[in-house]
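The following exercises concern pockets and ligand surroundings in a predicted model. Each task is followed by a solution in steps.

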Amino acid sequence: MATLFTKIIQREIPAKIVYENEKVLAFQDIHPQAPHHVLIVPKIEIPTINDLNSENVGVIGELFLAAKEIAKTLGVSEQGYRVVMNCNEDGGQTVFHLHLHFLAGRSLHWPPG
Ligand code: 5GP
């Protein structure tokens, strides 16, 4: 089923895009939890981590490579950043199209809430 993020990928819903390649789109989160909060999304539809398999798992590497590039572009590679992927209800997932949260620009707490 097409999610909100598919609509953003297809440019049916606007978003502030910060990075794109053949496999991945990254855009600013509409409710940022840090000065930089970017959602890194695979262009193929995978609802949750539970739907990963040996065929599609390569996309996870693509998400991390995109995170590395976004960190460079934002100038936070050395100072640091966090990437997080939520899964289902207890994990706090609300959009069922796999995505990596990229958070930077402040000192992030641990453990998270
Ligand atoms: P999740 O809770 O599934 O891990 O993350 C979904 C994220 O999508 C949330 O951080 C939320 O703020 C963001 N989000 C929800 N709707 C929109 C939208 O229409 N545009 C953008 N750019 N982000 C959205």
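**Exercise 1: The largest pocket**

Classify the residues that line the largest pocket, then locate this pocket in the structure.

Step 1. The lining of the largest pocket comprises six nonpolar, eight polar and three charged residues.

Step 2. The volume of the largest pocket is about 420 Å³. Its lining is made up of 17 residues, of which Arg-82, Val-84, Asn-86, Leu-103 and Pro-112 are the closest to the centre.

Step 3. Strand E4 (81–84), helix H3 (88–91) and strand E5 (100–104) are the elements that give two or more residues to this lining.

**Exercise 2: The second largest pocket**

Describe the second largest pocket and state which element gives the largest share of its lining.

Step 1. The second largest pocket holds about 350 Å³ of space. Among its 20 lining residues, Phe-5, Phe-27, Asp-29, Ile-30 and Leu-39 are the closest to the centre.

Step 2. Helix H1 (4–9) and strand E2 (24–28) each supply at least two lining residues; the largest share, three residues, belongs to H1.

Step 3. By class, this lining divides into ten nonpolar, eight polar and two charged residues.

**Exercise 3: The ligand**

Determine in which pocket the ligand sits and identify its polar contacts.

Step 1. The ligand sits in the second largest pocket. H1 and E2 are the elements that give two or more residues to the shell around the ligand.

Step 2. Oxygen atoms of the ligand lie 2.7 Å from a backbone N or O atom of Thr-94 and 2.9 Å from a backbone N or O atom of Val-95. In the side chain of His-99, an N or O atom is 3.0 Å from an oxygen atom of the ligand.

Step 3. Of the 520 Å² of accessible area that the ligand has on its own, the protein covers 84%.

Methods: Residues numbered from 1 in each chain as written. Predicted model: local features only at pLDDT ≥ 70, side-chain atom pairs only at ≥ 80, totals over all residues. Heavy atoms only, no water. 1 Å grid on protein atoms, 1.4 Å probe; cavity = no way out; pocket = protein on both sides within 12 Å on 5 of 7 lines; lining within 4 Å. Points joined across faces, edges and corners; volume = space filled by probe spheres on them. Helix = DSSP H or I, 4+ residues; strand = E, 2+ residues; numbered from the N terminus. Nonpolar A, V, L, I, M, F, W, Y, C, P; charged D, E, K, R; others polar. Polar contact = N/O pair within 3.5 Å; in protein donor to acceptor, adjacent residues only side chain to side chain. Areas by Shrake-Rupley, 256 points an atom, 1.4 Å probe, with all protein chains shown as cover. Sits in = over half its atoms within 2 Å of the grid points.
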